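Q: I am new to this model and would like to see how its descriptive words are earned. Could we go through them together, one at a time?

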Amino acid sequence: MTICIAYKDRVNNKVICASDSLCRMSEFCHRVSGEKIFMKDNIGYLYAGNVNRRLKFRYKFNIDFYGSSDDVFKWLNTDFMDVFKKFRKENEEYSEDYVDQIIIIIAGRIFSLHTDFSIAESNKDYICIGCGQEIAYGALYALENDNTKSIREKIEIAINACNEFSCGCDNIIQWMEI
């Protein structure tokens, strides 16, 4: 259970990423061992889902992107998806009840990989995944035109809302800029 948010900062030409740090294991809650946000080669990932699958993905999944920004969507839906599905099939932890979600940041663009293996690019400057995503989307939408707050402040408000209204999220935030 978690909340992960990637938000495009068009002014500074970067993506600000954040996640909570809660790890729920049966009826117990722990702080995350191993971040939910990480870089591999030239690709940023935010991972919401099973801790073991996340760590295996982080340390064993390998693919490089050498194209241009214009090629990203095609590459994600072909080369990336072929490698990802093969990786998933080779790892027994990736069963039919696979429900993990992944945000992929590449060439300054933000995509989400859904449980049905579809790839989407948001029409907003942000994407949220995890059990608190609806709460986070609502908070970010409400703050979207508030120019008195920085992107980082908006994300913090969204994660605090998730902490307040979702038992699967906390308000200890991990940050990364890509």
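A: Gladly! Helices (H or I, at least four residues) and strands (E, at least two) are DSSP runs, numbered from the N terminus. With that in hand, F117 can be placed in the loop between β8 and β9 (119–121). This is a predicted model, where local features need pLDDT of at least 70 and side-chain atom pairs count only at pLDDT 80 or more, while totals for chains, interfaces and linings use all residues. Residues are numbered from 1 along each chain as its sequence is written, and side-chain values use heavy atoms, with hydrogens and water left out.

Q: What makes F117 count as buried?
A: Buried means under 20% relative accessible area, exposed over 50%, and partly exposed in between (1.4 Å probe, protein chains only). F117 has a relative accessible area of 19%, so it is buried. Its phi is near 70°, a positive value in a residue other than glycine.

Q: Why is N13 called exposed?
A: N13 comes to 70% relative accessibility, so it counts as exposed. You will find N13 in the loop between β1 and β2. Although N13 is not a glycine, it has a positive phi of about 55°.

Q: How do you know that β1 and β2 pair?
A: Two strands pair if DSSP finds at least two bridges between them. Six bridges join β1 to strand β2 (residues 14–19), and the two run antiparallel, so the definition is met. One bridge partner to look for is I16 in β2, which matches Y7. The two strands form a hairpin with four residues between them.

Q: What other strand does β1 pair with, and in which sense?
A: That is strand β10 (residues 126–130), in the antiparallel sense, over five bridges. In β10, I129 is the bridge partner of C4.

Q: What makes β1 "mostly covered"?
A: Seven of the seven residues in strand β1 (residues 3–9) are buried. I3, I5, Y7 and D9 point one way, while C4, A6 and K8 point the other way. In a regular strand the side chains alternate between the two faces of the sheet.

Q: Why is S112 called buried?
A: S112 has a relative accessible area of 5%, so it falls under the 20% limit. S112 sits in strand β8 (residues 109–113).

Q: How do you know that the side chains of S112 and H114 make a polar contact?
A: A polar contact is a pair of N or O atoms within 3.5 Å; within protein, one must be able to donate a hydrogen and the other to accept it, and residues adjacent in sequence count only if both atoms are side-chain atoms. The pair from S112 and H114 lies at 2.9 Å, so the distance fits.

Q: Which residues is S112 in contact with, leaving aside its neighbours within four places in sequence?
A: Contact means heavy atoms within 4.5 Å. By that rule S112 is in contact with I102, I103, S118, I119, A120 and I127.

Q: What makes a group of residues a nonpolar core?
A: It is a set of buried Ala, Val, Leu, Ile, Met, Phe, Trp, Tyr and Cys residues joined through side-chain atoms within 4.5 Å. Here the largest such core has 22 residues, and those with the most contacts inside it are Y45, F57, F80, F84 and I104. The elements giving two or more residues to this core are β6 (43–48), α2 (72–90), β7 (101–106) and β8. Of these, α2 gives the most, with seven residues. Apart from this core lies another, of 18 residues, including I5 and C128.
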